[in-house]
Amino acid sequence: MQIDTPAVSTSSEGGSTTLRQWLAVLAVAVSAFAFVTGEFLPVGLLPQIAQDLGVSPGVAGLMITTPGVMAAIFAPTLIVSAGRMDRRYVFLLLTAVLLLSNIVCAMATNFALMLAGRALLGAALGGFWTLATAAAPRLVQGRDAAKATAIILTGVTCATVIGVPLGTFIASFASWRMSFAATAGLVAVALLAQALLVPALPSASALRVADFRTLLSRPHTRLSMLMVALVFGAHFSTYTYIAPLLEQDFSLSSITLLLFGFGLIGFFSNALMSMAVSNHLKKSVAVMVLLLLGAMSSMLLLEHSLIGETAGMLLWGVAFGALPLCFSVWIQRGTADLPEAGSAMFVSIIQVAIAAGSAVGGALVDRAGVQADFTLGLGLAVLGLVILQRLASLERPAKAASFKQTCDASVD
């Protein structure tokens with residue numbers, strides 16, 4: 001299957017995207033910021049929460065695993081269940097559930113209640129990302145689809161720039177509970193922005209289970225999803241436990257600054273990649289996975305080197321700042337005929353990677369140490385590159401056949 005198929009959009013290709021349409025994109029980006037802040041807030045707070053609730057750091061990693069499992073289940077299930085319901089109302093409902101989740105986490109008196117709150121987040125998260133990545137091209141004119149997707153995904157990088165480090169900063173002078181409470185306030189703002197700015201998004205047809213079977217019957221789709229799973233698994237099996245690694249050499253305030261630097265450089269990486277990804281998609285994916293490999297290698301090989309670990313974190317930020325955009329555009333183009341089904345599968349496979357990566361990573365951290373965990377991450381990233389090479393080899397015969405058909409047509 002040819003990946004360079006244009007993404008489907010309900011907006012017309014002609015004309016310019018209006019200010020109102022861009023504000024709607026911005027509202028979804030604010031919501032993405034709130035969701036990602038809520039999802040990964042425990043990464044910077046993991047040691048404190050583990051100590052306060054009486055669990056080990058590996059067990060505390062279930063705060064990342066649980067929403068990942070729930071999101072993987074609910075990404076396709078919720079969208080199928082929503083039928084032809086206006087996607088705007090689904091957005092609002094899911095964001096309201098996120099608000100409830102953060103309130104529960106802020107008030108949790110034991111780890112079981114914390115996991116219940118995190119499960120609520122996961123249920124909302126799966127549906128939100130399925131809608132967000134599929135709705136981006138619908139909110140703007142067709143030629144601005146990639147830019148709209150990049151803006152929404154900027155919410156992800158902004159969350160790592162501001163949200164997660166700010167949560168760690170709040171915990172440094174107040175408590176981790178106050179971090180969750182502040183996140184709840186952020187979600188309330190996102191909910192208001194959605195209500196005021198996102199237009200009606202009627203669904204022309206209900207998503208069917210058969211749509212997923214259709215996509216899974218395609219070798220290109222199967223390999224693409226495997227590549228995404230391996231690379232995201234490499235990231236989250238290691239990044240989830242970055243705080244226990246860094247706290248060996250850095251203070252809590254220094255870790256906050258490192259997380260801020262990680263997110264800040266990721267923000268610029270995402271912005272710059274939005275200008276290149278449309279025309280150089282395969283090269284963009286390959287370069288960013290290689291940078292991820294380099295970053296994790298430096299964290300492993302230069303452990304206890306303040307300069308080495310700082311450089312590794314910044315390089316990591318460059319890679320992961322761009323990878324969600326690269327993979328999102330990859331899946332959009334590869335599943336252009338069934339965008340919501342492709343988006344649901346994309347979100348599910350990412351959440352499976354987050355859940356499995358953080359769970360396996362936690363087990364390795366508790367039993368064999370952080371170094372073994374990073375070795376696993378490196379192996380997964382290498383396998384992701386192998387799958388990318390396989391995908392490139394699948395495309396060559398398709399391009400050759402397309403060229404032959406063009407030549408035959410011109411001869412006739």
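This report describes the salt bridges, cysteines and two helix pairs of a predicted model.

**Salt bridges**

The predicted structure contains 2 salt bridges. They are listed below with the distance between the nitrogen and oxygen atoms.

| Salt bridge | N to O distance |
|---|---|
| D52 and R177 | 4.0 Å |
| D337 and R218 | 2.6 Å |

In the bridge between D52 and R177, the side chains meet at 4.0 Å, N to O. This pair joins distant parts of the chain, since D52 belongs to helix α1 (residues 19-53) and R177 to helix α7 (residues 176-197), with their positions 125 residues apart in numbering. Both partners fall into the intermediate accessibility class: D52 has a relative accessibility of 46% and counts as partly exposed, and R177, at 26%, also counts as partly exposed.

The bridge between D337 and R218 has its closest N and O atoms 2.6 Å apart. Here too the partners come from distant parts of the chain, 119 residues apart, but each lies in a loop: D337 in the one between α13 (306-334) and α14 (339-367), R218 in the one between α8 (209-216) and α9 (219-239). D337 is partly exposed, its relative accessible area being 45%; this value lies between the limits of 20% for buried and 50% for exposed.

**Cysteines**

The model holds 0 disulfides. Two cysteines can be placed by their accessibility. C105 has a relative accessible area of 1% and is buried, while C326, at 0%, is likewise buried.

**Helix packing**

The helices that carry D52 and R177, namely α1 and α7, also pack against each other, with axes 9 Å apart and an angle of about 165°. Because angles over 145 degrees count as roughly antiparallel, α1 and α7 are roughly antiparallel to each other. The crossing of α1 past α7 is left-handed. Residues in this contact comprise 19 nonpolar, 7 polar and 3 charged ones.

A second pair is formed by helix α3 (residues 62-82) and helix α4 (residues 87-107), whose axes come within 11 Å and cross at roughly 135°. That angle makes α3 oblique to α4. In this case α3 passes α4 in a right-handed crossing.

Technical notes. Residues numbered from 1 in each chain as written. Predicted model: local features only at pLDDT ≥ 70, side-chain atom pairs only at ≥ 80, totals over all residues. Heavy atoms only, no water. Helix = DSSP H or I, 4+ residues; strand = E, 2+ residues; numbered from the N terminus. Buried < 20%, exposed > 50% of the residue type's maximum accessible area, 1.4 Å probe, protein only. Disulfide = S-S within 2.5 Å. Axes fitted to C-alpha atoms, helices over the stretch in contact; angles between N-to-C directions. Parallel < 35°, antiparallel > 145°, perpendicular 65-115°, else oblique. Left-handed = near helix turned anticlockwise from the far one by under 90°. Nonpolar A, V, L, I, M, F, W, Y, C, P; charged D, E, K, R; others polar.
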